[in-house]
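Please open the model in your viewer and keep the selection panel at hand. We will take a short walk through it, stop by stop.

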Amino acid sequence: MVRAGLTPERLTRAGAELADEVGFERVSVSELARRFDVKVASLYSHLKNSQELKTRITLLALEELADRAADALAGRAGKDALTALANVYRDYAREHPGRYAAAQFRLGPEDAAASAGVRHAQMTRALLRGYDLTEPDQTHAVRLLGSVFHGYVSLEMGGGFSHSAPDTQDTWTRILDALDALLRNWPAPDGGREPLRDQAHP
């Protein structure tokens with residue numbers, strides 16, 4: 001029996017690895033017990049239940065993503081920052097599909113408030129300030145970016161673009177070009193368009 005050294009942190013890491021291997025939805029205390037070759041009851045001194053395990057994996061994934069994003073965004077602004085942030089999410093999903101799925105897991109209010117999800121929102125808003133967006137448009141744009149990044153990555157990971165041209169990397173690049181153009185020319189609330197920010201006006 002491999003019992004020595006079990007801690008909530010070690011079990012969380014093992015759970016995250018298990019999620020990448022078999023899928024986040026299949027992670028449970030029972031599956032984790034099999035991995036460590038111990039009885040399920042022996043893990044309950046470290047974890048209350050599978051819900052707590054999934055919550056811990058989610059918090060870990062959000063922290064890892066936030067750290068990557070912070071490193072990628074350092075010293076960047078505008079389109080460079082937009083591209084860097086988008087690629088962090090896409091690359092993480094490819095490397096850690098189970099953890100990426102965990103990052104979408106719905107947390108309770110207290111866990112969410114204490115999670116690195118707050119850092120994600122702050123970094124995205126900092127990026128958008130480079131496009132001169134103010135509220136409420138900044139919040140609209142945060143939601144747009146999250147929807148596009150997650151939607152594209154999820155479809156790509158699910159094989160949704162595997163049987164048609166052009167290459168998905170080409171599409172990803174064009175999507176980021178389009179997002180950059182949209183953020184620089186954000187529509188006015190009345191349905192009109194704000195002046196182009198990269199052109200002079202009398």
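How much accessible surface does the protein have, and what share of it belongs to carbon and sulfur atoms? Switch on the surface: the accessible area is about 11100 Å², and 53% of that belongs to carbon and sulfur atoms. Please keep in mind throughout that this is a predicted model.

**The whole chain**

Now go back to the cartoon. You will find 9 helices and 0 strands, so that from the N terminus on the elements read α-α-α-α-α-α-α-α-α. Along the principal axes, the C-alpha trace spans about 75 × 40 × 30 Å. Colour by burial next: of the 202 residues, 40% are buried. If you draw a contact map, look at the pairs with a separation of 6 or more; residues 24 or more positions apart account for 66% of these contacts. For a charge view, select the 25 positive and 28 negative charges; their mean positions are 5 Å apart.

**The annotated N-terminal part**

Select residues 5-65. An unreviewed UniProt entry places the feature "domain: HTH tetR-type" there. In the model this span is 64% helix and 0% strand, with its end C-alpha atoms 27 Å apart.

Inside that selection, narrow down to residues 28-47, which the unreviewed UniProt entry annotates as "DNA-binding region". This piece is 40% helix and 0% strand, and 11 Å separates its end C-alpha atoms.

**Helix α1 and the glycine after it**

Select residues 8-22, which form helix α1. Its 15 residues reach 20 Å from the first C-alpha to the last, close to the 21 Å expected at 1.5 Å a residue. Show the side chains and pick out the buried residues, among them Leu11, Ala14, Leu18 and Ala19. In general, an α-helix has 3.6 residues a turn, so residues three or four places apart point the same way. What covers the buried residues of α1? The cover includes α2 (29-36), α3 (50-73) and α5 (97-102).

Step on to Gly23, just after α1, where phi is positive at about 105 degrees. Gly23 lies in the loop between α1 and α2. Is Gly23 buried or exposed? Gly23 counts as buried, because its relative accessibility of 17% falls under the 20% cut-off. For a sense of distance, draw a line from Gly23 to Pro189: the two are 166 residues apart in sequence, and their C-alpha atoms are 42 Å apart in space.

**Two buried side chains to inspect**

Select His96, in the loop between α4 (78-95) and α5. Which residues does His96 contact, leaving aside its neighbours within four places in sequence? They are Asp20 and Arg68. Asp20 takes you back to α1, where it is one of the buried residues. His96 itself is buried too, with a relative accessible area of 19%.

Then jump to Trp172 in helix α9 (residues 168-184). Trp172 is buried, with a relative accessible area of 1%. Show its surroundings: not counting residues up to four places away in sequence, Trp172 touches Ala86, Asn87, Arg90, Phe149, Tyr152 and Val153. Ala86 is 86 residues away from Trp172 along the chain, yet their C-alpha atoms are separated by 9.4 Å.

**Backbone details in the loops**

Where are the cis peptide bonds on this tour? One joins Glu135 and Pro136, with omega about 5 degrees; Pro136 lies in the loop between α7 (117-129) and α8 (137-157). Another joins Ala165 and Pro166, with omega about 0 degrees, and Pro166 lies in the loop between α8 and α9.

Finish with two aspartates. Asp37 sits in the loop between α2 and α3, and its phi is near 55 degrees, a positive value in a residue other than glycine. Asp37 is partly exposed, with a relative accessible area of 48%. Asp132 is found in the loop between α7 and α8, and it has a positive phi of about 60 degrees although it is not a glycine. Is Asp132 buried or exposed? Asp132 is exposed, because its relative accessible area of 52% is over the 50% cut-off.

Definitions and conventions. Residues numbered from 1 in each chain as written. Predicted model: local features only at pLDDT ≥ 70, side-chain atom pairs only at ≥ 80, totals over all residues. Heavy atoms only, no water. UniProt positions renumbered as here; feature names shortened; annotations may be inferred. Helix = DSSP H or I, 4+ residues; strand = E, 2+ residues; numbered from the N terminus. Buried < 20%, exposed > 50% of the residue type's maximum accessible area, 1.4 Å probe, protein only. Contact = heavy atoms within 4.5 Å. Areas by Shrake-Rupley, 256 points an atom, 1.4 Å probe, with all protein chains shown as cover. Lys, Arg positive; Asp, Glu negative; His and termini not counted. Charge placed at Lys NZ, Arg CZ, Asp CG, Glu CD. Expected span 1.5 Å × (residues − 1).
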